[in-house]
Amino acid sequence: MGLGSLFNISKMKIRWQLMFYDAVIYVAVIIFIVSAYGQEASTLSESLVAILMTLLCLLVCRTVGGVYSMIIRYGGVHVYMRLFATDLFALLGYFLVKYGLQLEGMTSQRWLIIILLNLLGAVGMRLMYRYCYRFGVRRTKKGEFLRWLLLLFAGDNVIKERRNEHKRIRIAILGAGRLGAVLADELLSNDSAAYVPVCFIDQDESKTGREVMGLPVLAEGEESLEDLKDYGVQEIVFAITNIINTKKDSLFKLYKSAGYKVKVYDFSVADVTKSGKRMLREFDIDELLFRQPIVVNSELVNNYYKNKVILVTGGGGSIGSELCRQLAKMEPKQIIALDIYENGVYDLQQELRLLYGQKLNFKVEIASICSRTAMERVMEEYHPQIVIHAAAHKHVPLMEKNCIEAVENNVFGTLNVIQLCEEYNAQRFMMVSTDKAVNPTNIMGATKRMCEIIARAHSAQKGNKVVFSDTRFGNVLGSAGSVIPLFKRQIANGGPITLTDKRIIRYFMTIPEASQLVLHSGAIAKNGELFVLDMGQPVKIYDLAVNMIKLSGLESFKDIDIIETGLRPGEKLYEELLVKSETLHKTDNDLIFIEKDEPISMDDLNNRLQVLQEALQSNDDETIRDAMHKVVPTYKTPEEVNCKAAQSAEMQNVKIVKFTR
């Protein structure tokens, strides 16, 4: 920038009002110094010339230095550093003029004191302005005083801006720690934000009654509810990272029942792997289960999968794709996602390519696990060290009407993968299973139990170098076809919500939890283990429906109806998580257990597979269903299980989750 443009003041956006206040502060400092120390020997006219010359130097240097074109309310340390630098140049400029023109006036020592006091006054005035601008929004006498000062400092234009504050949603931030302070600072610094914080809430007694970011800190609990009304709070925002789920549950109920909307400042549960940015959002229904999430030994898991070639079947599905995302963070040598459905793995490929670029060796194969030829080609090309088998038909009602496809894909497709792991010397075979395999009442659950039997039988073979493991868990929140996405769509469409029976209960976990459990169990497996998760208490599906309606700001049976449609074929009222609880063994993770499932002989396995092969040739679903009852002894009819449901431990241990608006 040339010297001419530097001094082209007409193009600078100068805040003349701020320049006037700086001049007032300067005059006030002069009056104070003269009153305190008296007039020096020089004449009054000489002193006035010196005063005006100094003021001129200050204003010119501040103008040229851009001090009067800065927006103070958004400025940081650089605002005050620039002010200091321009005043230093002004002082040097004045001394050059004074000694160059041999002007008389006050001594140099007194002028240095004046400049420093003037700088202190200018900084203080700017800090006061910022404070008034940010905190003059409270409905208190202090807030009214700050607005009056703001009018004095900046005039009616800024006051008009601040009058829009009443349109912003007034929030109380639950958590006066680092995360809460970050949120408060972000909102207070953004005039266009839809929210404005007016207070904090915290359980720490050392913080209550004090201020953070200029906002009062209230005590956590019922005793602060009246104070929240006084501050005009409309919503409560959770900004705590280490809160335990039982505490979160009770606080959510407390503030929800008091009539406040409740939000959370955190990562989106659905998008945490994509955006990595905290946001102010509604509670996800996943979080409202308030179950302590599983914690895995990440160092152990990372070290195991690092530099490995890993094949994930069903890699485009809900669990398979999340397994690939988790593995991508562990620096594997190569990941191969195999799926018969190309759209899912294509989307995953684009996502991982955007995140990792060329750093991740990620391959996609379109093939069916039922095709021995196609699977041989994949195994021959990649020779995976670890095979994670997540490919399966999983929808219970669909498989009840397509028994042949369920057996061909789930049973014989799994058999293909297991045999090829042995043939191509894979180190590990890890299968994703389900709680529906425990005393199954439907074809899907029976086929998954048969897969467990196949894997266990192969693990017991002498000389087999493949380490086998199965991982069993409950319903996965947010997966394709799961109940919560269905309820969300039904609410968005105005209802009704449909559920098969109000008594139904289920265990739930999140997709990342399920994936971490699979990877953790695979890393610690020795051979033949069946891993299960202590998933806490089961949840009543009816309660989920009611609470999702409330979270949407609606009312059950008034805005959205809930309709029972009757149990579907193969559906039971509750799921059993464990096969034989007395045989459970703990692992190093308190939530992960091992079920020692006794293997059958290879002769017995071959006989059972032969029964299924013959049934498939009949091309009849009922024949297949009869055959499954023969090869899976624990396979029962839904009627056998549901008639005794009320006496089951699971139904008696159901978690009742009720929230009121």
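**Figure 1. Contacts and surface of the whole chain.** Of the contacts in the chain with a separation of 6 or more, 77% are accounted for by residues that lie 24 or more positions apart. The model shown here and in the views that follow is a predicted one. Its chain has 24 helices and 22 strands, and buried residues make up 53% of the 661 residues. The area that the chain exposes comes to about 31100 Å², of which carbon and sulfur atoms supply 55%.

**Figure 2. The open sheet of nine strands.** Nine strands form an open sheet with mixed pairing, and their order is E10-E9-E8-E11-E12-E13-E18-E22-E21. Strand E10 (362-366) and strand E21 (584-586) stand at the edges, and because each has a single partner strand, one side of each is left without a neighbour in the sheet. Neighbouring strands of this sheet are turned against each other by 25 degrees on average, when direction is ignored. Within the sheet, strand E8 (residues 309-313) and strand E11 (residues 386-389) run parallel and are joined by four bridges, and isoleucine 310 stands opposite isoleucine 386 in E11. In general, strands of a sheet pair through backbone hydrogen bonds, in either a parallel or an antiparallel sense.

**Figure 3. Two helices that lie across strands of the nine-stranded sheet.** Helix H14 (residues 372-382) lies across E8, strand E9 (334-339), E10 and E11, and runs at about 160 degrees to E10. Helix H19 (residues 511-524) lies across E11, strand E12 (428-434), strand E13 (467-473), strand E18 (529-533) and strand E22 (592-595), and runs at about 155 degrees to E13. Strand E11 is thus named among the strands crossed by H14 and also among those crossed by H19.

**Figure 4. The open sheet of seven strands and helix H8.** A sheet of seven strands, which is open and has mixed pairing, follows the order E3-E4-E2-E1-E5-E6-E7. Its edge strands are strand E3 (211-212) and E7, each of which pairs on one side only. Helix H8 (residues 178-188) packs on this sheet, where it touches strand E1 (169-174), strand E2 (195-202), E3, strand E4 (215-219), E5, E6 and E7, and the direction of H8 makes about 160 degrees with that of E2.

**Figure 5. Strand E6 between a parallel and an antiparallel partner.** Strand E5 (residues 235-238) and strand E6 (residues 261-266) pair in the parallel sense over four bridges, with isoleucine 236 standing opposite valine 262 in E6. The pairing of E6 with strand E7 (residues 279-282) is antiparallel and also extends over four bridges, and here the bridge partner of lysine 263 is glutamate 282 in E7.

**Figure 6. Helix H5 and a nonpolar surface patch.** Phe32, Ile113, Leu117 and Leu120 make a nonpolar surface patch of about 380 Å². The element that gives the most to this patch is helix H5 (residues 108-135), with three residues. Leucine 120 is found in helix H5, and because its relative accessible area is 59%, over the 50% cut-off, leucine 120 counts as exposed. Leucine 127 also has its place in helix H5, but at 44% relative accessibility it counts as partly exposed. The C-alpha atoms of leucine 127 and tyrosine 80 are 9.6 Å apart in space, while the two residues are 47 residues apart in sequence.

**Figure 7. A cis peptide bond and two residues with positive phi, all in loops.** Most residues other than glycine have a negative phi, and most peptide bonds are trans. A cis peptide bond, with omega of about 0 degrees, joins glycine 495 and proline 496, and proline 496 is found in the loop between helix H18 (483-492) and strand E15 (497-499). Glutamate 331, although it is not a glycine, has a positive phi of about 55 degrees, and its place is in the loop between helix H12 (318-328) and E9. Histidine 383 likewise has a positive phi, near 45 degrees, in a residue other than glycine. The place of histidine 383 is in the loop between H14 and E11, and at 41% relative accessibility this histidine counts as partly exposed.

Key:
Residues numbered from 1 in each chain as written. Predicted model: local features only at pLDDT ≥ 70, side-chain atom pairs only at ≥ 80, totals over all residues. Heavy atoms only, no water. Patch = residues over 30% accessible without salt bridge, like charges linked within 9 Å, V, L, I, M, F, W, Y side chains within 5 Å. Areas by Shrake-Rupley, 256 points an atom, 1.4 Å probe, with all protein chains shown as cover. Salt bridge = Lys/Arg side-chain N within 4 Å of Asp/Glu carboxyl O. Buried < 20%, exposed > 50% of the residue type's maximum accessible area, 1.4 Å probe, protein only. Pairing = 2+ DSSP bridges. Axes fitted to C-alpha atoms, helices over the stretch in contact; angles between N-to-C directions. Contact = heavy atoms within 4.5 Å.
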